[in-house]
Amino acid sequence: MHQNGVKALDGVSLKIGPAETVAIVGENGAGKTTLVKHVTGLLKPATGVVTVDGKDTRTTSTAQLSRRVGVAFQNPDHQLFSESVEEEMSFALRNFGFAPELVEQRVRWGLELFGLEEYRKSSPLVLSGGEKKRLTLACILAWDPEVVILDEPTVGQDSIQKEKLAGTIRMLTSSGKTVVVVSHDIEFLWPMQPRVVVMKAGKVLGDGPAAQLMQNKEILDSARVAQPQLVEFSERLNKRPDVPFADPLEARRWVEETV
Amino acid sequence: MMWLSGGFIFRRGTSVYHRLDPRAKLLISILMFATTLLVRSLYELAGVLSFMVAVAAVAMVLRRVARTMLFTAGFSVVIFVLNFIFTRNLETSLLYAARFVAIVVSTSLFFITTSPDELEQVMKTFRLPRDVVFAFVTAVRFIPVMFLDTIQIMDAQKSRGLELEKGNVFRRVRNMIPVLIPLVVNSVVRSGELAEAMESRAYGAVPKPTSLVEYRARTTDKAVAVAAVALFALAAYSFYFVFPAQIL
Amino acid sequence: MADILEIAGLSFRYPDSPKLAVSDFNLSVPEEEVVVLAGPSGCGKSTLLRAVNGLIPHMYTGEYSGHVRVGGVDVKGSTMRDLAQKVGFLFQNPENQIFMFTVERDIAFGLENLGIPRAEMRERVDEAMYLLEIGDLALRAPHELSDGQKQRVALAGVLAMKPRLVILDEPTSLLDPKTAAELVDLVGKLRKELGTTFVVVEHRLDLLVKVADRIVVMDDGRKALEGTPEEVLFGDEAEAYGVTVPSVTKLQKMLAADGVLPPAGLLSPAELAHAVEEERGR
């Protein structure tokens, strides 16, 4: 898919292919969520075109585009409404025309994957914040979109929940899905070594592999994006590694070999 | 929904009219409203409407008022048709239809030039209980917030395959349920959070709270109020005695 | 210095709940300290905070035992009116604690409620706006503000009441890292200039380490861990309780455990790199 827009977004051109992991970073107001909304046609470009899977977002409804692109918005309270968790999960499936037996199957699968079976018959509104977020993600994965976009998935989550989320993302990419994560949480994104798109004031300042972009102080400072701790650490060493460490274990191994 | 917001939601302005004491603005709108009810001919109504347009121009809200008039005119076609069916009188039906537009505009003029703070002041002047005034002002303050929430909820549900633009009337109403429920739930949660914040800032600690800002009527405001009443009296007099009823 | 906050044996159960939300909790906080409260969701943090500012038991009833004292005064026996002037509470969602249509009027909200005379109110409102650097926003409406600005407005409203203790409930969750860092600096500045004590509930510990004196971790209504940031982050249990340990700290822990580095305080990425180079030099 690629696009080009003005005002809140200025001349953005982006192509994202299958099985990619992309992180979109930038300060609040940089246009990240606006960009995401263009992907499913919630917003239409003033100039330029957005195509998803060959379809133009101006002539296809959001509901149809969402069949291919699942978006997990930041606030689960903006979408939970059913009497039970299982109904909540079947909502989208029924909208997309899944047969009843398949609906049942997908609901069961989703609940299991996210450890929510015990809440099957409970009202989604009584779940905790973290559980609600898992539920909204489960709802999306149930209809098996090719692309999954997560808008600030780590807000308010503790480290255990974040680990699980990272695992889920790994699972999605390894099964061939494209995952786009919009997030401030650089530390969460860094170990995944995604392709990083840095945005500021509606423009794309940089687009490339995490290792490369996170070393670009100029872009990071301009976009007010923090540098991952391990990148700063790698840079400050006199004898530097070729590529900044992706996680502490890698760093430890290297340090212990060279000290 | 959009025209409703254009017609009744306050937006900051710097015109002389905006700066009037809200009680003067209220008086003007009430008098306009009353005048509309007194008119008996299309000429008189045209006079009242042109006055309203003039005020709108002074208040620099002409475009919004014009748009409100246009949309209200759409609704008033219904009134026209119904009236015509029953009275078979073209002029009366037109009068009633146009009167509806005038009524809406007179009310709209007040709300679009008066901030919630000023509304609060007006309500206090009428000695309404503090809780009522507070509830009202807070509700108005959250209108734009709820508007935004609604859009976000619709976005979220559309992204789950909900079609809000297709289908017949019944289907469309049913499809609003996944939008209305989160909206209502969020409002309830919001009230709870507001209550906590209110308690935490000592709401109700003292029977007569003080006020940071004081609103005092200036001479200009009083002069405008007097002029408005005088104009109204003149209009009423002329409608009843100078230009006898041509149409009832 | 006397303890500004004293929680002793506090237990609380909500009316419809089978289990205790807070169980036998003890905590003493001296003045001018910044305490970070962390823990997995559902651990009772929210309940504890509300027991400190008085919403429990004055707004929320339930089974209450033990006591909470703020500035030497028992919370249960005080009125919300008195407590509001001792304990400030910045709620998580800035939107839902701004009532008025104008910023300065909202900051004055608590003062109006207390019947403070106009001249004094004006002074306190101006002072609060100055401290939070939002003077230019005085006449704006809340929907015209960004999330970070709304938060400052809400905080100004809290500070105008001149509380000795301020509670911040997940203040950085809606902010981007740079704005969050600015907020943390602000907390440090307020602590120094006003002598205010802060209790901050946060998941993002890496941001608060700069300014925190102590970290308390809750789990299942009880106190699970307590200590200085070093003690908690270097300990083995932090991660089990959902505390996010910064990656460089994890590295430091591992290197120290393996004997590669001598034990030291919490090091920043640059400091750690320097320490590694020093070891290499030997």
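Two strands are taken as paired here if DSSP finds at least two bridges between them. With that in mind, let me walk you through this structure, which I should say at once is a predicted model, and begin with one strand of chain A.

The strand is S6 of chain A, residues 178-182, and the bridge partner of A:Val147 in S6(A) is A:Thr178. That pair belongs to a set of five bridges that join strand S5 of chain A, residues 147-151, to S6(A), the two strands running parallel. Between them the chain passes from S5(A) through H6(A) to S6(A), a β-α-β crossover that is right-handed. S6(A) is also joined by four bridges, again in the parallel sense, to strand S1 of chain A, residues 21-25, and there A:Val22 stands opposite A:Val180.

How many of the five residues of S6(A) are buried? Five of the five are, and the strand counts as mostly covered. Both of its faces are covered, with A:Thr178, A:Val180 and A:Val182 buried on one side, and A:Val179 and A:Val181 buried on the other.

The helix of that crossover, H6(A), leads us outward to the contact with chain C. Here 29 residues of chain A are in contact with 33 residues of chain C, and helix H6 (159-174) is one of the elements that give two or more residues to chain A's side, the others being helix H5 (129-142), helix H10 (229-236) and helix H11 (248-258) of chain A. By class, that side of chain A holds 10 nonpolar, 11 polar and eight charged residues.

Let me turn to chain C itself, for which the domain assignment gives domain 1, residues 3-236, and domain 2, residues 246-282. The C-alpha centres of these two domains of chain C lie 34 Å apart, and the contact between them takes six residues from domain 1 and five residues from domain 2. Which element gives the most to the domain 1 side of that contact? Helix H9 of chain C, residues 229-234, does so, with four residues. The residues on this side of domain 1 of chain C divide into four nonpolar, no polar and two charged.

Chain C also has an open sheet of four strands, in the order S2-S1-S4-S5, with antiparallel pairing. Strand S2 (22-30) and strand S5 (73-74) of chain C stand at the edges with a single partner strand each, so one side of each is left without a neighbour in the sheet. Within the sheet, strand S1 of chain C, residues 3-13, and strand S4 of chain C, residues 63-70, pair in the antiparallel sense over seven bridges, and C:Ile7 has C:Val68 as its bridge partner in S4(C).

The other contact of chain C that I want to show is with chain B, where 35 residues of chain C are in contact with 25 residues of chain B. Helix H3 (80-84), helix H4 (103-113) and helix H5 (118-131) of chain C each supply at least two residues of chain C's side, and the largest share, seven residues, comes from H4(C). By class, this side of chain C has 18 nonpolar, 10 polar and seven charged residues.

I will finish on chain B, with helix H2, residues 22-38, whose 17 residues reach 24 Å from the first C-alpha to the last, close to the 24 Å expected at 1.5 Å a residue. Among the buried residues of H2(B) are B:Leu27, B:Ile28 and B:Met32, and also B:Lys25.

Methods: Residues numbered from 1 in each chain as written. Chains lettered and ligands numbered in written order. Predicted model: local features only at pLDDT ≥ 70, side-chain atom pairs only at ≥ 80, totals over all residues. Contact = placed C-beta atoms within 7 Å. Nonpolar A, V, L, I, M, F, W, Y, C, P; charged D, E, K, R; others polar. Domains from an automatic or database assignment. Buried ≥ 20, exposed ≤ 12 C-beta atoms within 10 Å, placed from the backbone. Right-handed = clockwise from strand over helix to strand, strands pointing away. Expected span 1.5 Å × (residues − 1).
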